[in-house]
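Visitor: I would like a close look at a single part of this model and at what surrounds it. Please keep to what can be computed from the coordinates or read from a record.

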Amino acid sequence: MVGDYSPISGDNTDMHSQRNSKSGLSCKMVLQAVGKVLRKSKTKPNGKKPPAEEKKQYLEAEFTKVRVVDFDLKELVMLPREIDLNEWLASNTTTFFNLINLQYSTISEFCTGDTCQAMTACNTIYYWYDERGKKTKCTAPQYVDFVMSLVQKLVTDDDIFPTKYGKEFPNAFESLVKKICRYLFHVLAHLFWAHFKETVALDLQGHLNTLYAHFIVFIREFNLVDPKETCIMDDLSEILCAPAPPAPAAPSSPTSAPSPSSHNHVTER
């Protein structure tokens, strides 16, 4: 066995010293070879070490507690009894498109072909598929531009998102809404993964958190995006979409009336 030790005695000292020296050299060579194999097993096929998993700053409590609303989002997305389902989906989808487009515009100068050479979120790279189904790898700003251009085209098409009274929605309307929501999720995921630091620097993390939570609650309510698609952000979703604890009641004062703006304040939790 490599590295076995035998006692050395008498006249055989020199012989055993030579053997021990060779044994030590052999052991060292074996250990070096094993170390090389182990190091190689931790690398990609091209020999490069995989990138270390980045710390998810957006999961830190000091950031996840920041919101801009203090009401139940579940109640906000529920279909009102007097509203048609397609009308409700159309209204909310258009609103989310506008808000997510606006949120992205706040950091667009930092999202360039150099800084974001691929459309990434967590360990996922998103590819763009054109109308013929051709798969294309593009930079993040290109991908977002494709998304926003496509969605803009759809939501402004009166045959798809009708605005005139009595005009029917197309049979494929729900599938188109699902496609739009899937793309919008990709943009939100990229904002958190690649541009959360810039968002914090602009003090807009509360807006991003609230927009994301509202969107996730909405797509879950109407099963608009496959959970397998959104699972990469489940850790954040579970934090932001959890029911917020009720705010402690302010001590009543007989001499002061409630402020008119007290129902429209920014809340941090």
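Guide: The account below starts with one helix and then turns to its surroundings.

This is a predicted model, in which local features need pLDDT of at least 70 and side-chain atom pairs count only at pLDDT 80 or more, whereas totals for chains, interfaces and linings use all residues. Residues are numbered from 1 along each chain as its sequence is written, and side-chain values use heavy atoms, with hydrogens and water left out.

The part chosen is helix α5, residues 140-155. Helices (H or I, at least four residues) and strands (E, at least two) are DSSP runs numbered from the N terminus. The 16 residues of α5 reach 22 Å from the first C-alpha to the last, close to the 22 Å expected at 1.5 Å a residue; the expected span is 1.5 Å times one less than the number of residues.

Buried means under 20% relative accessible area, exposed over 50%, and partly exposed in between, with a 1.4 Å probe and protein chains only. In α5 the buried residues are A140, Y143, V144, V147, M148, V151, L154 and V155. Viewed down the axis of α5, these residues fall within an arc of 130 degrees, so they line one face of the helix; the arc is that of the directions from the helix axis to the C-beta atoms. The buried residues of α5 pack against two helices, α4 (85-105) and α6 (173-201), and against the strands β1 (119-121), β2 (124-126) and β3 (128-129). Contact here means heavy atoms within 4.5 Å.

One of the buried residues, Y143, also takes part in an aromatic pair. Rings of Phe, Tyr and Trp (its six-membered ring) pair if their centres lie within 6.5 Å; planes under 30 degrees apart count as stacked, over 60 as edge-to-face and the rest as tilted. The whole structure holds 15 such pairs. W128 and Y143 are edge-to-face, at 5.5 Å centre to centre with 90 degrees between the planes. This pair links distant parts of the chain, with W128 in strand β3 and Y143 in helix α5, 15 residues apart. Both W128 and Y143 are buried.

Beyond α5, F161 and F173 form another edge-to-face pair, with centres 5.1 Å apart and 70 degrees between the planes. F161 belongs to the loop between α5 and α6, and F173 to helix α6, twelve residues away. F161 and F173 are both buried. F161 is also touched by T93, a residue of helix α4 that is buried at 1% relative accessibility.

A140, in turn, leads to an annotated site. The UniProt annotation "binding site", from an unreviewed entry, covers C111, C116, H190 and H195; its positions are given in the numbering used here, feature names are shortened, and annotations may be inferred rather than shown by experiment. Although these residues are spread over 85 residues of sequence, they cluster in space, the largest C-alpha distance being 9.9 Å. C116 lies in the loop between α4 and β1 and is buried, with a relative accessible area of 6%. Not counting residues up to four places away in sequence, C116 touches C111, T139, A140, P141, H190, A194 and H195. H190, in helix α6, has a relative accessible area of 1% and is buried. With the same exclusion of residues up to four places away in sequence, the contacts of H190 include A140, C111, C116 and H195, as well as M119, T120 and A121.
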